[in-house]
Amino acid sequence: VYIEDWDTFYAEAEKLYLDHPAHTRYSLKYRHTDGKVLLKVTNDRVCLQYQTDQQQDLKRIEKLNNIFI
Amino acid sequence: MVLHDADGFLTQLTRMLERSREKGAVYVTMKRCAFAPAAPAAGVARLSPVDPADCRCLVRAVLGSTKATASTMVAAKDHRRFMKSYANIMKAGATA
């Protein structure tokens, strides 16, 4: 259900967005109580999920944010 | 659905992150939209293949416990500035 490896998630998310820019959406769920961030990128056919509680992943999430410009 | 301008939305997002400290979650969703929110009246030709510079991005934030929502449409040229502010807010909210 969750992709374990960030690089895979990032590459797949980028591909999904470049293939279907109008249909792809990117969701982020943050729970402070659990300290967890859950990322989801989907084009309503394929869904990629990644979850983390690591601060170091914040930088990577920023990189992902920048794709969606 | 409450539509804000970019700065209003960022304020709402900050407040949501503060309110969710004890319980609940904050959901942020981003999706590209191919047309402007205030579309011209019917009779105007439909938009042909989208010019990348004209794309707008819809950003929504939901506070899980109270179902409060905020949203904004970000134009392509404002996106860089918006993303910088958004990143700062998330960094401040996500770690403290």
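Reader: How many salt bridges does the rule count over all chains?

Author: The count over all chains comes to six salt bridges. The model is a predicted one, and every value here is computed from it.

Reader: What makes A:Arg25 and A:Asp44 a salt bridge?

Author: The rule asks for a side-chain nitrogen of Lys or Arg within 4 Å of a carboxyl oxygen of Asp or Glu. The side chains of A:Arg25 and A:Asp44 meet at 2.7 Å, N to O, so the pair satisfies the rule. The two residues are 19 residues apart and link distant parts of the chain. A:Arg25 is in strand E1 of chain A, whereas A:Asp44 is in the loop between strand E2 (36-42) and strand E3 (47-52) of chain A.

Reader: Which residues form a salt bridge between chain B and chain A?

Author: B:Lys91 forms one with A:Glu62, and their closest N and O atoms are 3.0 Å apart. Set against the limit of 4 Å, the pair therefore qualifies. Across this interface the rule finds one salt bridge. Side chains of opposite charge can pair when their charged atoms come close.

Reader: What else is counted between chain B and chain A?

Author: Eight residue pairs are in polar contact there, both residues being at pLDDT 80 or more. Strand E2 (25-33) and helix H2 (79-95) of chain B are the elements that give two or more residues to the side of chain B touching chain A. H2(B) gives the most, with ten residues. Sorted by class, that side has 13 nonpolar, six polar and seven charged residues.

Reader: How do you know how much area is buried between chain B and chain A?

Author: The value is the accessible area that the two parts lose on being put together, summed over both. For chain B and chain A this is about 2,100 Å², with carbon and sulfur atoms giving 58% of it. B:Met30, B:Lys31 and B:Arg32 supply 24% of the area that chain B buries against chain A, more than any other three residues. In terms of contacts, 26 residues of chain B meet 21 residues of chain A.

Reader: What makes E1(A) and E2(B) a pair of strands?

Author: Two strands pair if there are at least two bridges between them. Strand E1 (residues 25-31) of chain A and E2(B) have seven bridges, in the antiparallel sense, so they count as a pair. Within this pairing A:Lys29 stands opposite B:Tyr27.

Reader: In what order do the seven strands of the open sheet stand?

Author: The order is E3(A)-E2(A)-E1(A)-E2(B)-E3(B)-E4(B)-E1(B), and the pairing is mixed.

Reader: Why is one side of E3 of chain A and of E1 of chain B left without a neighbour in the sheet?

Author: Both strands stand at the edges, and each has a single partner strand, so one side of each has no neighbour in the sheet.

Reader: Which bridges join the strands inside each chain?

Author: In chain B, E2(B) pairs with strand E3 (residues 56-63) in the antiparallel sense over eight bridges. There B:Val28 has B:Ala61 as its bridge partner. In chain A, E1(A) and E2(A) pair in the antiparallel sense over seven bridges, and A:Leu28 is matched with A:Leu39. E2(A) and E3(A) pair in the antiparallel sense over six bridges. Here A:Val41 has A:Leu48 as its bridge partner, while A:Thr42 stands opposite A:Cys47.

Reader: Which residues take a positive phi in the hairpins of chain A?

Author: The hairpin of E1(A) and E2(A) has four residues between the strands, and A:Gly35 takes a positive phi near 65°. The hairpin of E2(A) and E3(A) also has four residues between its strands, with A:Asp44 in the turn at a positive phi of about 70°. A:Asp44 is also the residue whose side chain meets A:Arg25 in a salt bridge.

Reader: Why does the radius of gyration of chain A agree with that of a compact globule?

Author: A compact globule with 69 residues would have a radius of gyration near 11 Å, and chain A has 12 Å, so the two agree. Along its principal axes the C-alpha trace of chain A spans about 35 × 20 × 20 Å. Chain A has two helices and three strands, and its elements run α-β-β-β-α from the N terminus on.

Conventions. Residues numbered from 1 in each chain as written. Chains lettered and ligands numbered in written order. Heavy atoms only, no water. Contact = heavy atoms within 4.5 Å. Buried area = accessible area lost by both parts, 1.4 Å probe. Polar contact = N/O pair within 3.5 Å; in protein donor to acceptor, adjacent residues only side chain to side chain. Nonpolar A, V, L, I, M, F, W, Y, C, P; charged D, E, K, R; others polar. Rg over C-alpha atoms; globule rule 2.2 N^0.38 Å.
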